[in-house]
Amino acid sequence: MDFTRFMNKFNEIERQLSPTSALRLSFDNISPETEEPPDGKRLWGVPVPPFVSDKVVSWIEEEFNEAPVYYNGNSVLKKVENVRMIDRYNTKNPTVGTLYLTATHLIFVEPDSNKETWILHMHIASIEKLPLSTTGSPLLIRCKTFLSVTFVIPKDSECHDVYTSLIKLFQPVSINKLYCFNYQPAKDDFPKNVGWDFFKLEAEFKHMLVPNENWTLCSMNEKYELCDTYPRQIYVPKEATTLMLISSSRFRSKGRLPALTYLHNNKASICRCSQPLSGFSARCLEDEQMLEAIRKTNPNNDYMFVVDTRPRINAMANRAAGKGYENEAFYENIKFHFLGIENIHVQRASLQKVLEACEQKSPTMSAFLNALESSGWLKHIRSILDTSSFIANAVDKGISVVVHCSDGWDRTAQVCSLAQLMLNPYYRTIKGFQALIEKDWLAFGHKFSERCGHIQTDAREVSPIFTQFLDCTWQLMSQRSESFEFNERFLLILHDHVHSCQFGTFVGNCEKDRLDLKLAERTFSLWGYMSNHLNEYINPLYKPNVDESIKANLAPQCIKFWRGMYSRFESGIHPREPLGDLLLDSKEHCNSLEDHVQHLTKRIASFKNYISKSAKKLQDATTTTTTKVTKEPTPNEINDNKYNYDKKLSELSAADDDHPLKASNMSFANLSLNAEQTSPQALSEEISSVALDWKSMRNVTTCSCSTPFDQFSKKTHCWRCGEIFCERCIDKNVALPGHDSGKPVPVCRGCFRQMQKQSP
């Protein structure tokens with residue numbers, strides 16, 4: 001619908017009909033809540049306000065014969081019915097439903113099962129319009145999240161419309177057209193500024209006690225003049241002079257001079273840079289002095305390693321182009337190593353072969369294993385882990401390491417961050433892992449927008465470098481699960497949002513790009529979003545402070561295919577409830593019960609204290625009275641506390657009107673009130689506000705809102721009623737009266753509404 005033409009024509013008609021009246025119609029006036037007009041005037045089934053004339057209604061119906069369509073609050077650009085979605089495991093009985101194309105998503109709705117398949121445009125990797133068949137026109141969509149789906153649209157013209165629209169939407173031409181610049185979360189979710197200040201580079205280096213007597217902050221890159229892909233704050237040896245820094249920067253590819261990224265507690269360091277422009281014989285004395293200054297920062301060893309992560313043949317080929325690697329004859333006190341990680345083009349082709357292996361229509365065991373082996377993917381993962389282990393072992397032994405690849409933003413980022421993950425338990429926590437990504441990937445200039453294909457760019461620049469880093473992290477988690485605070489879901493969320501562009505955190509190729517785009521002002525932060533869902537990312541097996549450093553087992557049989565990443569949308573190969581979710585759910589239930597027990601313990605203690613004070617007051621009052629009236633006990637007095645108490649009260653009730661017991665109006669009937677005068681109704685609400693029994697996850701296939709659960713949707717318990725809901729139905733966190741901690745916990749919408757009614 002041409003909204004501008006509509007409003008211009010509407011204003012013209014309004015002026016003709018009533019020149020003195022202003023435009024009074026808005027989209028809010030035309031809504032289902034509008035009262036039914038007496039004459040029954042309606043537009044597209046919606047009541048029309050009485051001040052809208054018949055002429056306007058007639059013109060709208062003539063000019064715009066199709067009513068605007070909305071789905072879940074999203075304006076639908078195209079709606080196609082009787083679309084078949086083909087599952088490669090069930091090609092004979094495809095699902096029939098309705099396809100909605102919105103400005104941000106492609107939505108397929110199955111009316112029978114009420115299941116929805118949402119595909120974010122930014123997640124689409126490729127779209128292919130297949131040859132026309134007897135049942136319709138197929139549209140094959142492959143996603144960066146490894147979802148592959150085929151929609152068969154009955155009419156070829158409708159398929160062409162959807163295809164051309166998606167081509168324009170899934171990969172914008174300009175970076176300013178990305179989803180993050182238009183994304184708006186729920187009103188009560190989190191403000192825009194949350195998350196952008198969670199991590200500061202200076203604070204991360206302070207954790208390593210830098211600056212110190214050997215390392216200092218270099219101020220020469222404040223305006224990105226030394227290296228525009230490095231952060232403004234770079235840390236270099238104190239011995240490094242201005243001439244050494246400038247000359248080393250000019251001698252290194254892209255100006256990426258050696259800079260500190262990690263300092264271990266034994267003074268061994270990891271520095272990163274790019275390849276030198278050495279060619280066959282060129283040298284730079286200042287660059288040689290720079291590496292010697294780095295070596296001297298570690299007084300515990302008289303040599304250091306220089307690690308080139310490339311295969312030797314690749315580095316030799318770069319020498320012909322005037323680049324290359326360090327010559328041990330020129331650089332004193334270094335030991336040089338090639339460690340053979342392939343380039344971005346080999347990694348991209350390898351992942352494509354993995355996807356082909358996963359998309360086999362009728363895979364046999366041998367066919368799948370052969371395809372996986374020929375892809376070389378697991379070999380590449382092992383190679384990255386092997387290089388990272390070499391660096392981590394060297395640093396652990398007190399030997400400093402300088403690492404580079406070609407330009408120092410792909411393989412260098414992978415191995416430097418993984419080595420730190422092995423060395424330092426801080427980086428194996430949720431906050432530490434996020435800080436590691438901020439430091440070694442975002443600040444040091446990994447080209448996220450190019451490697452992830454955020455906008456239309458050279459397809460040869462796209463490569464799964466960050467995906468490999470997450471895969472290697474998962475391999476370490478699989479081997480040492482108790483050493484990591486986060487779970488697999490945490491890694492999957494990171495992977496998906498690196499490609500979604502829903503948040504501005506990973507948009508751009510370096511720190512300078514993100515500042516120029518003013519992302520902190522214009523977009524939301526992924527870290528802010530994740531801070532609201534931390535309970536979903538906790539590893540229930542985590543044991544902090546168990547091991548200072550960990551080592552990867554590089555035996556071939558220990559490097560696994562990550563089914564949860566590359567095959568997560570295949571419903572037939574996953575368990576109904578992931579073990580991690582079951583353990584986390586049990587842990588949360590135990591936490592809820594322990595919190596409730598703590599609350600009840602304090603309540604009982606307060607009641608005991610109140611009863612004790614009341615009994616003492618009653619005893620003091622009785623003692624005062626008995627001093628006035630002394631009575632000798634009889635031998636036949638009944639030894640019954642209740643009888644004696646009631647008898648004593650009946651005797652004292654006949655005393656003077658100023659008797660203390662009569663004045664205080666005390667009895668055991670009113671001892672249910674504690675010191676804060678809590679009513680019995682409030683006590684009942686406290687006890688009933690915590691679910692003692694949580695419904696078992698087993699055999700729960702649908703939420704109460706009719707949303708079906710599949711292998712990758714999380715089942716969440718309401719802490720108040722104990723029922724299971726989907727993530728949509730549990731979007732509220734409130735403090736339950738029966739919990740001692742007072743921390744907000746997840747509750748379903750029904751319980752949230754009940755609690756809102758009960759609260760004053």
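**L494 and Q475 in a predicted model**

Setting aside residues up to four places away in sequence, L494 touches F433, I437, L470, F506, L526, W527 and M530. The model is a predicted one. L494 belongs to the largest nonpolar core, a set of 127 residues. Together with F433 and I437, L494 is among the residues with the most contacts inside that core. Both F433 and I437 also appear in the list of residues that L494 touches.

The surroundings of this core can be described for the chain as a whole. The protein chain contains 24 helices and 21 strands. Of its 760 residues, 48% are buried. Contacts between residues at least 6 apart in sequence are mostly between distant parts of the chain: 67% of them join residues at least 24 apart. The surface that the protein chain exposes comes to about 37800 Å², and carbon and sulfur atoms supply 52% of that area.

A polar residue gives a second place to look. Q475 is part of helix α14, which covers residues 465-479. Is Q475 buried or exposed? Its relative accessible area is 1%, and because buried means under 20%, Q475 counts as buried. What does the side chain of Q475 reach? It reaches the backbone oxygen of K560, at 2.7 Å. K560 is also one of the residues in contact with Q475 once neighbours within four places in sequence are left aside. The others on that list are I381, L385, C558 and I559. Q475 therefore combines a relative accessible area of 1% with a side-chain link to the backbone oxygen of K560.

Terms used:
Residues numbered from 1 in each chain as written. Predicted model: local features only at pLDDT ≥ 70, side-chain atom pairs only at ≥ 80, totals over all residues. Heavy atoms only, no water. Helix = DSSP H or I, 4+ residues; strand = E, 2+ residues; numbered from the N terminus. Buried < 20%, exposed > 50% of the residue type's maximum accessible area, 1.4 Å probe, protein only. Contact = heavy atoms within 4.5 Å. Areas by Shrake-Rupley, 256 points an atom, 1.4 Å probe, with all protein chains shown as cover. Core = buried A, V, L, I, M, F, W, Y, C linked by side-chain atoms within 4.5 Å. Polar contact = N/O pair within 3.5 Å; in protein donor to acceptor, adjacent residues only side chain to side chain.
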